[in-house]
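Reader: I should like to learn how to read a protein model step by step. May we work through one together?

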Amino acid sequence: MSKVAIVTGAARGIGAATAQRLAQDGFAVAVLDLKADDCADTVSAIESAGGKALAVGADVSDAEQVQAAVDRIAAELGPPVVLVNNAGVTRDNLLFKMSDADWDVVMNVHLRGSFLMTRAAQKHMIEAKWGRIVNLSSTSALGNRGQANYATAKAGLQGFTKTLAIELGKFGVTANSIAPGFIQTEMTKATAERIGEEWESYVAKRAAAIPVARAGIPEDIAHTVSFFVSEGAGFISGQVVYVAGGPRN
């Protein structure tokens with residue numbers, strides 16, 4: 001029987017690529033996003049490649065929806081032993097222009113969402129005496145103009161990861177964090193639009209500042225997730241890996 005993985009924010013971008021990669025690795029994957037219908041493309045891609053997937057709709061910042069989603073996943077796919085906390089939103093603005101709501105929604109999705117999902121899923125990992133948790137941080141955790149909310153949330157996830165590693169390690173559960181640099185997704189496309197730059201020239205400009213001389217793609221992150229959740233990575237826990245084409249990009 002396949003081990004079960006949950007990937008949040010899996011309708012598109014990094015989450016979709018990660019869900020597909022884990023399915024290729026042999027996991028049955030719960031493809032979770034705000035609306036189950038939005039997950040159809042990811043589920044279809046997994047199933048057409050011979051994998052097993054389940055579309056799940058839930059707001060990760062809502063405790064009741066999270067518990068219901070994890071219970072459903074455990075009942076329909078099996079107990080989840082891998083959790084990838086990828087769901088995220090941006091509400092970028094300079095500090096003096098940032099509203100309370102801009103701050104709160106970013107904290108709720110990234111931090112509260114990761115906390116609720118992990119709290120709900122960890123019992124299945126502890127019962128199995130094996131588990132893998134991967135939290136998506138960002139190079140923005142190092143500080144980024146116009147992202148006081150996002151940078152704070154992404155830095156917070158690193159502290160959350162390290163604490164999970166300490167608390168859950170004796171149960172055979174590892175927790176690690178990936179901090180992507182510039183990745184070509186709908187979210188970064190929206191950033192280019194917000195600052196009034198053409199997408200192609202924006203990508204070229206960002207790539208020029210990256211030591212490996214290219215922009216990242218979602219599959220770069222999915223590959224790193226695949227490594228962290230592998231059997232062979234069982235002695236790696238509490239780490240943050242910057243997947244950014246250089247030390248901080």
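Author: The dialogue below takes up the sheet, the helices and some single residues in turn. Please keep in mind that this is a predicted model.

Reader: Let us begin with the sheet. How many strands form the sheet, and in what order?

Author: The open sheet is formed by 7 strands in the order 3-2-1-4-5-6-7, and their pairing is parallel. Strand 3 (53-57) and strand 7 (240-243) stand at the edges with a single partner strand each, so one side of each has no neighbour in the sheet. On average, neighbouring strands of this sheet are turned by 20° against each other, direction ignored.

Reader: Which pairings should I examine in detail?

Author: One may start with strand 1 and strand 4, which pair in the parallel sense over 4 bridges. Here Ala5 has Val82 in strand 4 as its bridge partner. Strand 4 is also joined to strand 5 by 4 bridges, and these two run parallel. In that pairing, the bridge partner of Asn85 is Asn135 in strand 5. Towards the edge, 4 bridges join strand 6 (residues 173-180) to strand 7, again in parallel. There, Ser177 stands opposite Val240 of strand 7.

Reader: What is the general idea about side chains in a strand?

Author: In a regular strand the side chains alternate between the two faces of the sheet.

Reader: How many residues of strand 4 are buried?

Author: In strand 4, 6 of the 6 residues are buried, so this strand is largely enclosed by the rest of the structure.

Reader: Which strands does helix 1 lie across, and which does helix 8 lie across?

Author: Helix 1 lies across strand 1, strand 2 (28-33), strand 4 (80-85), strand 5 (131-136) and strand 6. Its direction is at about 170° to strand 1. Helix 8 (residues 218-229) lies across strand 4, strand 5, strand 6 and strand 7, and runs at about 165° to strand 6.

Reader: How does one describe two helices that pack together?

Author: Two packed helices are described by the angle between their axes and the distance between the axes. In this model, helix 1 (residues 13-24) and helix 2 (residues 40-48) pack at an angle of about 20°, and their axes are 10 Å apart. An angle under 35 degrees counts as roughly parallel, and helix 1 and helix 2 are therefore roughly parallel to each other. Helix 1 passes helix 2 in a right-handed crossing. On the side of helix 1, Ala16, Ala19, Gln20 and Ala23 make the contact, while helix 2 contributes Thr42, Ala45 and Ile46. By class, the residues of this contact of helix 1 with helix 2 are 5 nonpolar, 2 polar and no charged.

Reader: At what angle do the axes of helix 1 and helix 8 cross?

Author: The axes of helix 1 and helix 8 cross at roughly 45° and come within 8 Å. That angle makes helix 1 oblique to helix 8. The crossing of helix 1 past helix 8 is right-handed. Helix 1 takes part through Gly13, Ile14, Ala17, Thr18, Arg21 and Leu22. From helix 8, the contact includes Pro218, Glu219, Ile221 and Ala222, and also His223, Val225, Ser226 and Val229. The contact of helix 1 with helix 8 divides into 8 nonpolar, 4 polar and 2 charged residues.

Reader: Let us turn to single residues. Is Ala10 buried or exposed?

Author: Residues under 20% relative accessible area count as buried, and Ala10, at 0%, is therefore buried. Ala10 lies in the loop between strand 1 (4-8) and helix 1. Leaving aside neighbours within four places in sequence, Ala10 is in contact with Gly15, Ala16, Ala19, Val31, Leu32, Asp33 and Thr42. The C-alpha atoms of Ala10 and Val84 are separated by 9.5 Å, although these residues are 74 residues apart along the chain.

Reader: Where is Lys129 found, and what is the value of its phi?

Author: Lys129 is found in the loop between helix 4 (100-128) and strand 5. Its phi is near 55°, a positive value in a residue other than glycine. With a relative accessible area of 64%, Lys129 is exposed.

Reader: What is the phi of Ala213, and is Ala213 buried or exposed?

Author: Ala213 is not a glycine either, yet it has a positive phi of about 65°. This residue is placed in the loop between helix 7 (199-208) and helix 8. Ala213 counts as exposed, at 58% relative accessibility.

Key. Residues numbered from 1 in each chain as written. Predicted model: local features only at pLDDT ≥ 70, side-chain atom pairs only at ≥ 80, totals over all residues. Heavy atoms only, no water. Axes fitted to C-alpha atoms, helices over the stretch in contact; angles between N-to-C directions. Parallel < 35°, antiparallel > 145°, perpendicular 65-115°, else oblique. Left-handed = near helix turned anticlockwise from the far one by under 90°. Contact = heavy atoms within 4.5 Å. Nonpolar A, V, L, I, M, F, W, Y, C, P; charged D, E, K, R; others polar. Buried < 20%, exposed > 50% of the residue type's maximum accessible area, 1.4 Å probe, protein only. Pairing = 2+ DSSP bridges.
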